[in-house]
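I opened this entry to keep track of what I looked up, starting with charged side chains and going on to aromatic rings.

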Amino acid sequence: MKPFRHTFRVRYAEVDPQCVVFNSRYLEYADVLVSEFFRDARERGLPVDAEFHVRRAEVDYLAPIRLEELIEGRLTVEAIGNSSMRTLVTLHGAEDGSLRAEIRLLTVHVDLPEGRPSPVPDGMRQACGFPARETVNG
């Protein structure tokens, strides 16, 4: 499956006095990409009530992102386990494609009333281009 893409512009509130994006904003950018990806995936069968919580986030800062730049975020679901999903978000200069950051997310599907991990729904798997779980006899 091709990466999901979303472009946005860096705003004044996201930068420091040198007009470079604050490091904490990178995770906010990842959240924007995940939100836009989920909105798009609902058209491909993603259950509306699917709830994922971040278990781990890792950011590799590769080159600065500056005020007013157009940034293209790309999101790829790399793997889906029983209750977890591994996602890669990359941030690129929209004009030249230069890689600025790689963000790796490990998220867990959660049953909200129980507050516990639960299996990733087949609709989510299929919306992300993965096969439904196989049923086992016996």
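**Entry 1, salt bridges.** I began with a count over the whole structure, which is a predicted model, and noted that it holds 11 salt bridges. I then went through some of them one at a time.

I looked up Glu 28 and found that its side chain meets that of Arg 25 in a salt bridge, at 3.0 Å from N to O. Both residues belong to helix α1, which covers residues 25-42, and they sit three residues apart, about one turn of the helix. I also checked the exposure of the two partners: Glu 28 is partly exposed at a relative accessible area of 39%, whereas Arg 25, at 19%, is buried. I wrote down that the value for Arg 25 counts as buried because the cut-off is under 20%.

Next I turned to Glu 69 and Arg 100, whose side chains form a salt bridge with an N to O distance of 2.8 Å. This pair links distant parts of the chain, since Glu 69 is in the loop between β2 (52-61) and β3 (70-80) while Arg 100 is in strand β5 (residues 99-111), 31 residues apart. Arg 100 counts as buried, with a relative accessibility of 8%.

The third pair I looked up was Asp 122 with Arg 133, a salt bridge of 3.5 Å from N to O. Asp 122 lies in helix α2 (residues 122-127) and Arg 133 in the segment after α2, so the bridge ties together parts that are 11 residues apart in sequence. Here I noted that Asp 122 is partly exposed, at 26%, and that Arg 133 is partly exposed too, at 36%.

I closed this entry with a network of salt bridges that links Arg 5, Glu 72 and Arg 74.

**Entry 2, aromatic rings.** How many aromatic pairs does a search of the whole structure find? I recorded six. One of them joins Phe 8 and Tyr 29 in a tilted arrangement, with 4.6 Å centre to centre and 45° between the planes. Phe 8 is in strand β1 (residues 4-9) and Tyr 29 is in helix α1, so I noted a link between distant parts of the chain, 21 residues apart. Both of these residues, Phe 8 and Tyr 29, are buried.

I then checked Phe 38 and Phe 52, whose ring centres are 5.8 Å apart with the planes at 90°, so the pair is edge-to-face. Because Phe 38 lies in helix α1 and Phe 52 in strand β2, the pair ties together parts that are 14 residues apart in sequence. Phe 38 and Phe 52 are both buried. My last note is that ring pairs link these two with Phe 4 and Phe 37 into a cluster.

Key: Residues are numbered from 1 along each chain as its sequence is written. This is a predicted model: local features need pLDDT of at least 70, side-chain atom pairs count only at pLDDT 80 or more; totals for chains, interfaces and linings use all residues. Side-chain values use heavy atoms; hydrogens and water are left out. A salt bridge is a side-chain nitrogen of Lys or Arg within 4 Å of a carboxyl oxygen of Asp or Glu. Helices (H or I, at least four residues) and strands (E, at least two) are DSSP runs, numbered from the N terminus. Buried means under 20% relative accessible area, exposed over 50%, partly exposed in between (1.4 Å probe, protein chains only). Rings of Phe, Tyr and Trp (its six-membered ring) pair if their centres lie within 6.5 Å; planes under 30 degrees apart count as stacked, over 60 as edge-to-face and the rest as tilted.
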